[in-house]
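Morning, everyone. I have one structure to walk through today, so let me put it on the screen.

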Amino acid sequence: MSTPSFTHLDFADLPIPAVLLSAEGNCVYCNQPAKQLTAQLELDNCINLIPAEFRHRVLSSAPLDLAQGAVYDTIYTSVYTYRWQVIGIHDNCILFLAYNLTDRENYRAILEHSVDGVYQTNREGKLVYANQSLADTFGYANPQTMCDQIENLANDLYAHQEDRKHFLEQLDMFGQVKSMELRMRKLDGSLIWIRLNGKAIKNTEGRTQSLVGTVHDITAQKDAESALTTAEEKFRSIFENSLAGLHQSTLDGRYLNVNQALARILGYDSPEECISSISHIGKNVYVRPHEWLKAMKRLRKEGYFTLNEVEIYTRDGQKRWVAVSNRLVKATSDQPEHIEGSVMDVTDSKRALERIQYLAHYDSLTTLPNRVFFHNELSRQIEDIDDGILSSLSLILIDLDNFKDINDTQGHVTGDMLLIKTAHRLQDLLGNRGQAYRLGGDEFAVILPNISERGKISEYLQAMMDLLSQPVELNDNDISCNISAGVAVYPEAREVILEGDNHQQLFRYADLALYRSKSLGRNRFTFFAAEMQHEALKEQQIEQELKRAIENDELCLHYQPLLHAKQKHLIGSEVLVRWPHPERGLIPPFEFIPIAEKTGLITRLDDWVLEAAIKQIATWLAADLNTVPLSVNISANRLNQRDFAQFVQSVIHKYQIPSELLCIEITEQNMIANLDNVHSTLALLRQTGVKVALDDFGTGYSSLSYLKRLPVDKLKIDRSFVMEMHEDPQDRAIIKTVLELGHGLGIWVNAEGVENQVQVNMLQDLGVDEFQGFFFSRPLPLEDFEQTYLMQLEKQV
């Protein structure tokens, strides 16, 4: 047997260990990698790298040539595992080479556990290697089965055989292909979108003989892109068939074509006049030209954007709000790269939305910041004190003494005028030293930052009481009203705050001080003192009693009818919890619900109400009564718990009721904590068949944005818009906007707080679907509700 001729120069530069032994077993030569491995293993001689057993077996071979090709695997440490192989024998010298098996296994593990499919094929299309991810992607049980069955990729996997041909052409030309997107066929015949990467392994003639690469399933991404494209096309179609402006323009800001609607939006008589007059869209049309630059940058990067709201100038200099949708059209042989887009005038809806946002944070009567704004600001300032940004603050809560008597004797108009005058006087007195807020009714609050000295606070309060007690001339009458006030100072109050949010506790302490002022005869102010903690103990007593009431099933439900706006017949009912206390009689919700929310009992209370409502539905069904859906209010605390949907489903299953007879009512504040979790919860409920209503619509932070993201069946217009709609055209405009929005999205719209026939007539004219309010019925006990409504419903049937 002939052996190759070699010298140590032949393997001196090899990157792997090489050892040359004589037939007698002496080390003739070892290269640098062998020396390094010897040192790492702390051996005294390179010859000891080769296991003694393997050396003996090779050296004892007779003839010696029979040992050529022999291999031996040895584990030095957990880090070093090598395979020694006899490579050649010449002149009674034996050449040993070592391969690091650890690296090889690591590479294999990487391939086998890759989330992307990894493959190797020959040029003819035979699958030579596949990892488990590749088999999973195409529906095969394991890689070996897939390799056995795939004889020709073009026939077996490619949806279009010309894609395979194009892929090979790219490999031959460039040596690799990156991110080619195409469709392939799974084992079950279904088609998927994949992103294909490949690298050519070429022979000595430079022709591709095999291929290696990766495959990534992008079907979900493509489906999402398709859905988005469909939505955009539908959106554009709606615009094109309305009064939306359409245009073609260049990337440097010139209009190429505009339609009559766009010319009209911009204040021109014709498209030709519009095109000739506007030399640059960003400079001549946009109020803030940098927004046009940002839009162009985004367009170049993403290729499109939709409903980008911007402020523009019309021809006569007026400012309008428009929603812009643009897409980048690639250059063709007939047309250079350009933009196609639509423009819709949203000024009216923008102002209505701003009005909704304003009403969410400001009191519509006095224009002072409202309760929501107040609590956010109080929390922020207390955090600033805790962080050392502010030194202190004084919180003052104010009630107008005998305001109810003024309302009753002089009328609500006079009462409102007094509230407005009080608000203006209060803020004028404070100037820039503090901020006044209207919390509701005749309740006001004042926050004085960086003021904690009781003497200075007393001076402010005395001046405040003197000013606000001065008579106000209203309807030729002098109306005067004293005030009562309660004060809590932070961080002074921090010493007695035991638990809960600091701002909630501080508010509670100021409220306790205000209550003390009232109980002492009004027309005075009181600072919070530690002894007022007995009020907290009273709340704790209510908490304990409420806990027992829930455990002992001592609560009850009242039912407020929901009526069809056109036919006036019963179509549902909202359930409201009541507490018939054995000693104090029927306790209204406003006395125990806030305590339940503070203490965390609200979760158990919500669950009790929900199960009681479902149980009542089951009772009606068992009695063969015509049953209507019941709506149950759910708190933010309960809605944001991950097990809520499962709990609802379990109770429905327990009582075996149709899920469509249950409606969950939520408010926008319910969703702020964790919008993604709320979306998932509501989606699970709707899959079950449970309906979802969005209560108090328009009073929250971002009503319109929520509608795009949440599954909602019903909108309930907040009573604050209904109460004065017959007097306030802005309230009517908001209601009309909500109705158009809801009906445009296929959502049922309810009007809450309907209290007179004028409101009924106006709401019917606007197209409201459902009525709820005292004009029709207050919440009724079970027996009254059954007798007045359910029994009558039976007779109608």
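I'll start with a definition: a charge sits over a ring if NZ of Lys or CZ of Arg is within 6 Å of the ring centre and within 35 degrees of the ring normal. Keep in mind that what you see is a predicted model.

With that rule, look at K350. Its charged end sits over the ring of W321, 4.4 Å from the ring centre. There is another case with an arginine: the charged end of R638 lies over the ring of F647, at 5.3 Å from the centre.

Now ring against ring. How many aromatic pairs are there, counting centres within 6.5 Å? The count is 16. One of them is F54 with F96, an edge-to-face pair with 5.7 Å centre to centre and 80 degrees between the planes. The two rings come from distant parts of the chain: F54 belongs to helix α2, residues 52-59, and F96 to strand β5, residues 93-100, with the two positions 42 residues apart. Are these rings buried or exposed? F54 has 0% relative accessibility, so F54 counts as buried. F96 is also at 0%, and therefore counts as buried.

A further edge-to-face pair is Y362 with F373, 5.5 Å centre to centre and 70 degrees between the planes. Y362 is in the loop between α13 (347-361) and α14 (371-386), while F373 is in helix α14, 11 residues apart. Y362 has a relative accessible area of 28%, so Y362 is classed as partly exposed. F373, at 25%, is partly exposed as well. Both belong to one aromatic cluster made of Y362, F373, F374, Y437 and F507.

Next, the sheet that F96 takes part in through β5. This is an open sheet of five strands in the order β2-β1-β5-β4-β3, with antiparallel pairing. The edges are β2 (27-30) and β3 (71-75), each of which pairs on one side only. From one strand to the next, the twist averages 25 degrees. Strand β1, residues 18-22, pairs with β2 in the antiparallel sense over three bridges, and L20 has Y29 in β2 as its bridge partner. Helix α1, residues 32-40, packs on the sheet and touches β1, β2 and β4 (81-90), its direction making about 100 degrees with that of β2. Helix α2, the one that carries F54, packs on the sheet too, touching β1, β3, β4 and β5, and its direction makes about 165 degrees with that of β3.

Moving along the chain to strand β16, residues 393-400. How many of its eight residues are buried? Eight of eight. L393, L395, L397 and D399 point one way and S394, I396, I398 and L400 the other, and all are buried. β16 has a partner in β18, residues 443-449, joined by seven bridges and running antiparallel; L395 is bridged to I447 there. β16 also pairs with β21, residues 483-490, in the antiparallel sense over eight bridges, where I396 stands opposite V487.

Last item: Q161, in helix α7, residues 161-174. Its relative accessible area is 46%, so Q161 is partly exposed. Leaving aside residues up to four places away in sequence, Q161 touches A154 and N155. The side chains of Q161 and N155 are joined by a polar contact of 2.7 Å. As for L251, Q161 is 90 residues from it in sequence and 38 Å away in space, C-alpha to C-alpha.

That's what I have; questions are welcome.

How values were computed
Residues are numbered from 1 along each chain as its sequence is written. Side-chain values use heavy atoms; hydrogens and water are left out. Rings of Phe, Tyr and Trp (its six-membered ring) pair if their centres lie within 6.5 Å; planes under 30 degrees apart count as stacked, over 60 as edge-to-face and the rest as tilted. Helices (H or I, at least four residues) and strands (E, at least two) are DSSP runs, numbered from the N terminus. Buried means under 20% relative accessible area, exposed over 50%, partly exposed in between (1.4 Å probe, protein chains only). Two strands pair if DSSP finds at least two bridges between them. Contact means heavy atoms within 4.5 Å. A polar contact is a pair of N or O atoms within 3.5 Å; within protein, one must be able to donate a hydrogen and the other to accept it, and residues adjacent in sequence count only if both atoms are side-chain atoms. Axes are lines fitted to C-alpha atoms, for helices over the stretch in contact, and angles run from 0 to 180 degrees between N-to-C directions.
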